[in-house]
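Subject: Model for you to look at

Hello,

Here is the model we spoke of, with my notes on it underneath. Please open it before reading on.

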Amino acid sequence: MLVAAVVTLAGCGTVDPPEFVKTRDSNYGQIGDVRLLHVHVATPPREGWQPGGTAPLHLTVTNDGSTGVALTGISSPRAARVVHEATGGATDVIRIPVEPGDTVSLQENDTDRLALEGLTERLLGGLTMPVTFTLDTGESVTLAVPAQISDKPAR
């Protein structure tokens, strides 16, 4: 009887859109009309991302507002710098424009990618690190960004 009540109550209320559902290996955030979706560090090797090393940072940025904005800063106290890798090379100058209604993907298989360089400590799958995202408006948000957990069985 109690199980039926819990199941019934679980169906009540509103549900966040699917892109806002946190998972064990990604996070999301919002800065005004800008949403940061599926934010995560790539799955580390078994020994983890090592101090001094580089780890891929993935996210998707959506602008639900009526004016264009740009993501102009990404930083973490646990990395020396964040690098934007695009066609033509890599730079630590971050400027990712997002027009009204647009979505910019910086995920694993995209042309543009981000990387955390000079990690200050070991990062294992499932652990998080603080990462601050800043817009050209000066607004920012800091997220606890997890390293993805491997779906491959341990050997």
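Which residues does I74 touch, not counting residues up to four places away in sequence? They are L57, V82, I94, L114, V131, T132 and F133, where a contact means heavy atoms within 4.5 Å.

Some ground rules. This is a predicted model, in which local features need pLDDT of at least 70 and side-chain atom pairs count only at pLDDT 80 or more, while totals for chains, interfaces and linings use all residues. Residues are numbered from 1 along each chain as its sequence is written, and side-chain values use heavy atoms, with hydrogens and water left out.

I74 also belongs to the largest nonpolar core (buried Ala, Val, Leu, Ile, Met, Phe, Trp, Tyr and Cys residues joined through side-chain atoms within 4.5 Å). That core has 32 residues, and those touching the most other members are L36, V41, L57, L59, I74, L114 and F133. Among the elements that give two or more residues to it are strand 4 (69–75), strand 10 (128–135) and strand 11 (140–146); strands are DSSP runs of E, at least two residues, numbered from the N terminus.

Strand 3 (residues 55–63) has eight of its nine residues buried (under 20% relative accessible area, 1.4 Å probe, protein chains only), so the rest of the structure largely encloses it.

Its pairings (at least two DSSP bridges between two strands) are as follows:

- Strand 2 (residues 34–41): antiparallel, six bridges, with V41 partnered by L57.
- Strand 8 (residues 103–106): antiparallel, four bridges, with V61 opposite V104.
- Strand 9 (residues 113–119): antiparallel, three bridges, with A55 partnered by L116.

Regards

Methods. Buried means under 20% relative accessible area, exposed over 50%, partly exposed in between (1.4 Å probe, protein chains only).
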